Amino acid sequence: MRGLFALDERVVYLDGNSLGALPAHVPERMRDVIARQWGELGIRSWSESGWWTAPERVGDRVAPLVGAEPGTVVVADSTSVNVFKALVAAVRLAPEGRDEIVVDATTFPTDGYIAESAARLTGTRLVPVEPAEVAGRVGPRTAVALVNHVDFRTGRLHDLPGTTRAVREAGALAVWDLCHSAGALPVGLAEHGVDLAVGCTYKFLNGGPGSPAFLYVAPRHQRGFDSPLPGWNSHADPFAMAPGYAAADGAVRGRVGTPDILSLLAADAALDVWDHEAVDIPAVRAKSLALTDFFLECVAVYAPAGRVASVTPRAHAERASQVALRCAQAPAVMEALIARGVVGDLRRPDLLRFGFTPLYTRFADAERAARVLGEVLAA
């Protein structure tokens with residue numbers, strides 16, 4: 001699969017958990033989008049090139065990668081905007097008298113900011129809880145629980161099936177942030193009864209910088225999904241330009257305004273790599289675990305004793321597709337690694353992060369990254 005991506009052989013790229021590599025065919029596809037669809041057809045492309053229906057069409061391509069049913073995913077807006085839509089809509093869907101939003105206490109900061117704002121707007125109380133404790137904390141006052149599938153710092157994979165089951169048994173709704181799991185491991189939204197989910201397309205789905213995020217709404221909630229951002233694109237008859245709002249059916253309710261067509265169609269093109277006959281999510285997961293196992297083994301051999309320590313779980317059931325190493329001089333070490341052709345990133349103050357995208361990361365890349373890390377630490 002590596003040949004499908006525009007990667008420099010002089011570089012080990014281990015930052016796909018922040019920005020996926022460019023699929024090699026995307027620039028040519030975008031030349032057509034810009035020169036022909038926009039340049040020649042102009043406004044006709046909303047119908048003739050399928051621009052108007054692209055958010056749902058691309059959503060149906062994302063759906064099988066997260067275990068969702070057709071017609072349940074829309075690709076539009078940013079992750080932050082979709083978290084806001086999902087949280088407020090979930091509170092509105094929850095039974096009467098529920099006045100708490102349970103939020104992952106280790107969440108990506110934006111999710112926390114959005115949750116706090118959603119709580120103020122809906123008159124609910126925000127309750128931060130460690131992800132492993134959510135199942136035991138939800139109760140009759142819980143309206144919704146917002147949890148990250150993967151801890152963005154450590155790469156810890158949280159228990160989506162068990163937590164979702166506990167949240168739903170408590171009568172609340174489960175909302176999952178899939179930014180660090182979509183395209184890296186099985187999710188099973190339909191199988192596990194998830195109510196709502198959001199995720200980005202620019203990490204393991206390789207959609208490009210700032211490519212639009214996705215929003216999942218389970219079929220049982222679509223008729224009652226009451227978006228706090230009822231834009232004209234989600235109207236049942238958008239070109240009627242009526243003063244009153246009437247929501248469309250299905251995943252279209254997750255739309256707001258005019259979609260960002262260039263970024264959306266770049267993400268659409270990038271998803272072509274998932275059409276390759278050799279690719280399926282279980283195979284991706286198997287390689288991900290093998291790569292991260294091997295990298296940790298190599299780090300143990302190459303790194304000087306006591307200089308780095310993994311904070312990523314060893315157990316496969318608790319590990320996503322990244323390795324985080326605690327290092328006292330993390331900023332300087334990562335700067336030196338990048339200068340020597342090993343591209344990862346860091347989270348201050350002391351975490352080195354290495355993302356392993358199975359579609360294009362080789363075992364030789366994992367070995368080289370660990371070896372260079374050992375050389376940098378020894379120096």
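This is a short tour of the structure, stop by stop.

**Before you start**

The model is predicted: local features need pLDDT of at least 70, side-chain atom pairs count only at pLDDT 80 or more, and totals for chains, interfaces and linings use all residues. Residues are numbered from 1 along each chain as its sequence is written, and side-chain values use heavy atoms, with hydrogens and water left out.

**Stop 1: the whole protein**

Show everything as a cartoon. The protein has 12 helices and 13 strands. Helices (H or I, at least four residues) and strands (E, at least two) are DSSP runs, numbered from the N terminus. The radius of gyration is 21 Å, close to the 21 Å that the globule rule gives for 379 residues, so the protein is as compact as a globular protein of that length. That radius is taken over C-alpha atoms, and the rule is 2.2 Å times the number of residues to the power 0.38.

Turn the C-alpha trace: along its principal axes it spans about 65 × 55 × 35 Å. Of the 379 residues, 56% count as buried. Buried means under 20% relative accessible area, exposed over 50%, partly exposed in between (1.4 Å probe, protein chains only). Now switch on the surface. About 15,500 Å² is exposed, and carbon and sulfur atoms supply 56% of it. Accessible areas come from the Shrake-Rupley method with a 1.4 Å probe; for residues, only the protein chains shown count as cover.

**Stop 2: a four-stranded sheet**

Select strands 9, 10, 12 and 13. They form an open sheet in the order 9-10-13-12, with antiparallel pairing. Strand 9 (308-310) and strand 12 (345-347) stand at the edges with a single partner strand each, so one side of each has no neighbour in the sheet. Neighbouring strands are turned by 35° against each other on average, direction ignored. Two strands pair if DSSP finds at least two bridges between them.

Walk across the sheet:

- Strand 9 is joined to strand 10 (residues 322-327) by three bridges. Pick S310; L325 in strand 10 stands opposite.
- Strand 10 pairs with strand 13 over five bridges, in the antiparallel sense. Here R326 has L351 as its bridge partner.
- Strand 12 pairs with strand 13 over three bridges, also antiparallel. L346 is the bridge partner of L352. These two strands form a hairpin with three residues between them.

**Stop 3: inside strand 13**

Colour strand 13 by burial. Five of its five residues are buried, so the strand is largely enclosed by the rest of the structure. L351, R353 and G355 point one way, L352 and F354 the other.

Next, add helix 10 (residues 281-302). This helix lies across strand 9, strand 10 and strand 13 (351-355), running at about 25° to strand 10. Axes are lines fitted to C-alpha atoms, for helices over the stretch in contact, and angles run from 0 to 180 degrees between N-to-C directions.

**Stop 4: helix 3**

Select residues 54-62. The buried residues of helix 3 are A54, P55, E56, V58, G59 and V62. Their cover includes strand 2 (73-75), strand 8 (214-217) and helix 9 (261-270).

**Stop 5: S181**

Finish in the loop between strand 6 (173-177) and strand 7 (196-199), where S181 is found. S181 is buried, with a relative accessible area of 0%. Show its surroundings: leaving aside neighbours within four places in sequence, S181 is in contact with H149, V150 and V187. Contact means heavy atoms within 4.5 Å.
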